[in-house]
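Here's a quick walk through a few spots worth a look on screen. Keep the viewer open as you read.

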Amino acid sequence: MLRTIFTLSALAAGLVFSNAFAAPTHDGAARPVRASGSGGILLAQDGNLDIYYDARGNRVIVDSDTGKVVAIQPPQTRLDRRALRRESRMRELGRAPADDDRYYLDDPQDMARFRRRQLEEEGRVIPPPADEYDPDGSGSVDAYPRAPQDDGSYDNNYPDAPQPAKPGTIKRQPLNEASIDPVRPADPTDQAAPSDQAALPPKAGDKTSVDPSLSLGARQDVAALQVLLDRGGASPGVIDGRFGSNVDKALAAYNQINGSSLKSTDSVGIQAALSQSGGDPFANYTITAEDAAGPYVASIPEDYSQKAQLDRMGFTSVTEALAERFHMDENYLKALNPDANFNRPGTIIKVANFGKLVSTPVTRIVADKGKKEVFAYDGSGKLVAAYPATIGSSDTPSPTGIHAVSRVALDPNYTYNPNINFKQGENNKILTIPPGPNGPVGSVWIALDKPTYGIHGTPEPSKIGKTESHGCVRLTNWDARELAKLVSPGVPVEFVE
């Protein structure tokens, strides 16, 4: 009897022990989540659940009443948002179970599914699921139609936005890049073009033409700076609307002369200095009958023997004469006035308004070979003028040390002597070349006490500071003429390296 009781007790204890460890046995297994027909989790009894996490990170759902494992959710299923988005997107695309294929007009997701089904039935392009090509997960239901062509027919309701022009309505206007007209008052009926609108090139007859000097980078603001420097006694050489070493040297000299610190990028400061020194950098000039009449020569030969046969080394055109008078590059003068007839008296053109010439007497001159610049000082040692210069060459170097001005000649002849000077071409005889701005020494000769050497002008002002000379100091004709009026015999000229 006792043996029977003991056996039944042991059996009961074994059954209790087996039920107690049933959950851990299921806990170690990776059972998938059981879903109902509608896609939800099948709960046991009255729905009371306990949630545990095992050592593998699985989410274990246990029935609180029976202690049985209802479901095990692995981490990748529970946390994989991409999978959830894919499942949601598939449902939106109308691929949900048949019993859930319903659309509710007040449900945005249902309407999206409905719209996608319509697109699919019409053969339209539908974007792929969000996890593949939609990293932002916006779930846009729009197809990808071709971009509409802008024919100018659509509306632009922004008040400040420029309206697109219809094809064939563009009106081309002549280029007026550097036209500053301080003389003519502004016409209130004229409407200024937008500042950011590109200027169109001028027209020559029925054809459009662009002046080469403009296409190579001539700029009105640079020309304005050059005019300011010229007014301040620091010559930039030719006014051509281009930056270069001559402008850099002139700007440094300008600051020294005027005690300023102006920079080439300071447009406000440049405009203020222009206003104080004479106004706008350009002004109107009316071509006179004398300007058109000349006299002018057809061309200037290169050979000195042919030069000697001419009556005068004069200008070859009205534009060359006017460009020198207004300290300008000839091509830039033409570019400023693309439609002007320079040979007709009464034609109004735009020219550089370079202002007054320096008038302070000069008592000392320095010719700086390294800087290719001539500096002129007054009696107090103050710099009053500076000029870009071509000073000698390696074959025919300029003098060294200190020399003095011996005499000044305006519009001089030039005596070519191959026995003393350089040899030009095949010319072995002494030649006398007539005077004129296109002569070998230009229109000015400031002789030094060293024979055959001096400071003089040039027939090619645009090359000053950029080429070599035959030992003398070469300036533009207008700079040499200005300096000639400031010096007198005996003024020292110091050559420095």
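## Around Pro492

Leaving aside residues up to four places away in sequence, Pro492 touches Thr363, Arg364, Ile365, Ile402, His403 and Ala404. Bear in mind that this is a predicted model. Pro492 itself sits in strand S18, which covers residues 492-496.

Take Thr363 from that list of contacts. Thr363 and Pro492 are 129 residues apart along the chain, yet their C-alpha atoms are separated by 7.3 Å. So is Pro492 buried, exposed or something in between? Its relative accessibility comes out at 30%, and because buried means under 20% and exposed over 50%, Pro492 counts as partly exposed.

## Arg364 and its ring

Arg364, one of the residues that Pro492 touches, also has a ring to deal with. Its charged end sits over the ring of Tyr377, 5.0 Å from the ring centre.

## The tyrosine cluster

Searching the whole structure turns up three aromatic pairs. In one of them, Tyr304 and Tyr416, the ring centres are 5.3 Å apart and the planes meet at 80°, so this pair is edge-to-face. Which parts of the chain does that pair tie together? Tyr304 lies in helix H12 (residues 304-307) and Tyr416 in strand S13 (residues 414-416), so the pair links parts that are 112 residues apart in sequence.

Both Tyr304 and Tyr416 are buried. Add Tyr414 and you have a cluster: ring pairs link Tyr304, Tyr414 and Tyr416.

## Backbone oddities

Some background for this part: most residues other than glycine have a negative phi, and most peptide bonds are trans.

Now for the exceptions. Gly294 and Pro295 are joined by a cis peptide bond, with omega at about 10°. Pro295 is in the loop between helix H11 (289-293) and H12, and H12 is the helix that holds Tyr304.

Next come two positive phi values. His327 isn't a glycine, but its phi is near 60°. You'll find His327 in the loop between helix H13 (318-325) and helix H14 (330-336). Lys372 isn't a glycine either, and its phi is positive too, at about 55°. Lys372 also belongs to a loop, the one between strand S8 (364-368) and strand S9 (373-377).

How do these two fare for exposure? His327 has a relative accessible area of 5%, so it is buried, whereas Lys372, at 32%, is partly exposed.

Technical notes. Residues numbered from 1 in each chain as written. Predicted model: local features only at pLDDT ≥ 70, side-chain atom pairs only at ≥ 80, totals over all residues. Heavy atoms only, no water. Helix = DSSP H or I, 4+ residues; strand = E, 2+ residues; numbered from the N terminus. Buried < 20%, exposed > 50% of the residue type's maximum accessible area, 1.4 Å probe, protein only. Contact = heavy atoms within 4.5 Å. Phe/Tyr/Trp six-rings, centres within 6.5 Å; stacked < 30°, edge-to-face > 60°. Lys NZ or Arg CZ within 6 Å of the ring centre and 35° of its normal.
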